[in-house]
There are 2 protein chains.
Amino acid sequence: MAALGKVYLIGAGPGAADLITVRGARLLAQAEVVLYDALVTPEMLALCAQAELISVGKRSGQRSTAQTAINQQLVECAQRYQMVVRLKGGDPMLFGRADEELRALEAEGIEVEVVPGITTALAAAAATKQPLTRRGVARSVAFFTSSTAPGEPDHPALPATDTLVQYMGGREAVGTATRLLAEGRRPDLPVVVVENCSRADQRIRRLTLAGLGEGLDATDGPVLVMIGEALQLRLHQPV
Amino acid sequence: MAALGKVYLIGAGPGAADLITVRGARLLAQAEVVLYDALVTPEMLALCAQAELISVGKRSGQRSTAQTAINQQLVECAQRYQMVVRLKGGDPMLFGRADEELRALEAEGIEVEVVPGITTALAAAAATKQPLTRRGVARSVAFFTSSTAPGEPDHPALPATDTLVQYMGGREAVGTATRLLAEGRRPDLPVVVVENCSRADQRIRRLTLAGLGEGLDATDGPVLVMIGEALQLRLHQPV
């Protein structure tokens, strides 16, 4: 049997092809096979046109059997190819289910390297020009998501940080707003909602915690919701 | 008077020259002048060898007058050059004092664009192969730091997230451990300490919350401390 290949777990970043790291782009151009998520954009895949492309089409909320199948595909690719890339939207180590893929590969003795990616919260902060921390105002940030695991409570305590960022936060963020208001956070606390961050169809909405509590239009793409005093527009900030 | 230049606030990432984004690297190569932090590495500055390089040598904890001087330098550069880069270690929007620089530039009507960078926590997660979230175990993460602003309390409440990441967390993290133990977190909770993340002299230490509470050796470079059940070594994980 041939030597096992190496698997690179690479963060694609939020979507724009030039928001991947230089290291990630170089490795993509060398890959023999690339297994990619539903959130990876076509322009990103143009960076690995030489590779066999396998869509593993996972979206958040899908059942865990799908993850088991991805794990198995990764192992099989490392048995057939020397240079395997697993390309994930955002960063692999934050809401990326990397733990499960690492375990499956390590159990077979397959070497893995992880290349970080720009997580959507930071791309959204850049796109909106709203820092997530502010001296004297916000010096802690939490990234969280609603439950997608069976058996987990749907509503754990909300992080009591200065800034809150909810990933995959469309309708779920309305519930977050309701709970934060009940906890006594002020109704006019700034909220910024970013859809399809860094892509051509990026959409930015500015509202308040009370406004978010009243609901959010249905959306197609990934939604990130940022809440906190740090999100206040600056005096001369162009909108 | 000539038209004002444009300022790019760019995240350099943790240090390795190929962990900047493709967009960041391209803009660096076009810059006329680059104002860079103490944490930006020489290999990163090789990407903008054509530019005038200005060290603004800021380290966390320095007095705010230094920041005022940086703001002023940025404005002056935009008055003299068309293409100005402000290069910051990590990501500009997370513990990067971006708010103050954005305000100073916007007050003068200077156009600013922000390019995100790999924040150290995600580079450390990649380097140690420890995801910060884990299905069924950890679905919220907080990034925080100790106070550096005069008048701020030194010890606000610690975030009650599943995973905690303390930036600039050398000695300060010992106090964090003591407080978490007092709050009832378990003494054998995994802790990973990463110094000089992604650089040639990177150092990774694995300990427990109780061990961190007993102290941490003095270090030279930037230190990141990650705490939580998600940091547990996996069964077959190579160390």
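# Contacts and interfaces in a predicted model

User: In this predicted model, what makes Asn71(A) and Val75(A) count as touching Ala104(A)?

Analyst: Ala104(A) touches Asn71(A) and Val75(A), with residues up to four places away in sequence left out of the count. Contact requires heavy atoms within 4.5 Å, so each of these two residues has a heavy atom within that distance of Ala104(A). Ala104(A) itself sits in helix H4 of chain A.

User: How far is Ala104(A) from Gln130(A)?

Analyst: Their C-alpha atoms are separated by 39 Å, and the two residues are 26 residues apart along the chain.

User: How is chain A divided?

Analyst: Chain A has domain 1 (6-115) and domain 2 (120-231). The C-alpha centres of these domains of chain A lie 27 Å apart.

User: What shows that domain 1 and domain 2 of chain A are in contact?

Analyst: In chain A, 10 residues of domain 1 are in contact with 11 residues of domain 2. The area buried between the two domains of chain A is about 950 Å², and carbon and sulfur atoms give 69% of that. On the side of domain 1 of chain A that touches domain 2, the residues divide into six nonpolar, four polar and no charged.

User: How many salt bridges cross between these domains of chain A?

Analyst: The rule finds zero salt bridges across the interface of domain 1 and domain 2 of chain A. Polar contacts are present there: the count is three residue pairs, both residues at pLDDT 80 or more.

User: What describes the size of the interface between chain A and chain B?

Analyst: The size of an interface is often given as the accessible area lost when the parts come together. For chain A and chain B, the buried area is about 5,400 Å², of which carbon and sulfur atoms give 60%. In chain A, Met93(A), Arg135(A) and Arg139(A) lose the most area to chain B, together 17% of what that side buries. By contact, 67 residues of chain A meet 68 residues of chain B.

User: Why is the pair Arg26(B) and Asp18(A) called a salt bridge?

Analyst: Side chains of opposite charge can pair when their charged atoms come close. The closest N and O atoms of Arg26(B) and Asp18(A) are 3.3 Å apart. The cut-off is 4 Å, so the pair Arg26(B) and Asp18(A) qualifies. The count between chain A and chain B is eight salt bridges, and there are 16 residue pairs in polar contact, both residues at pLDDT 80 or more.

User: Which element gives the most to the side of chain A that touches chain B?

Analyst: H4(A) does, with seven residues. By class, that side of chain A has 34 nonpolar, 16 polar and 17 charged residues.

User: How do you know that E6(A) pairs with strand E6 of chain B?

Analyst: Five bridges join E6(A) to strand E6 (residues 140-144) of chain B. Pairing needs at least two bridges, so E6(A) and E6(B) count as paired. The two strands run antiparallel, and Phe143(A) stands opposite Val141(B) in E6(B).

User: What makes Glu195(A) and Arg205(A) a salt bridge?

Analyst: The closest N and O atoms of Glu195(A) and Arg205(A) are 2.6 Å apart. That is within 4 Å, so the rule is met. Glu195(A) lies in strand E8 (residues 190-195) of chain A and Arg205(A) in strand E9 (residues 203-208) of chain A, 10 residues apart. Over all chains, the structure holds 34 salt bridges.

Technical notes: Residues numbered from 1 in each chain as written. Chains lettered and ligands numbered in written order. Predicted model: local features only at pLDDT ≥ 70, side-chain atom pairs only at ≥ 80, totals over all residues. Heavy atoms only, no water. Domains from an automatic or database assignment. Buried area = accessible area lost by both parts, 1.4 Å probe. Salt bridge = Lys/Arg side-chain N within 4 Å of Asp/Glu carboxyl O. Polar contact = N/O pair within 3.5 Å; in protein donor to acceptor, adjacent residues only side chain to side chain. Nonpolar A, V, L, I, M, F, W, Y, C, P; charged D, E, K, R; others polar. Helix = DSSP H or I, 4+ residues; strand = E, 2+ residues; numbered from the N terminus.
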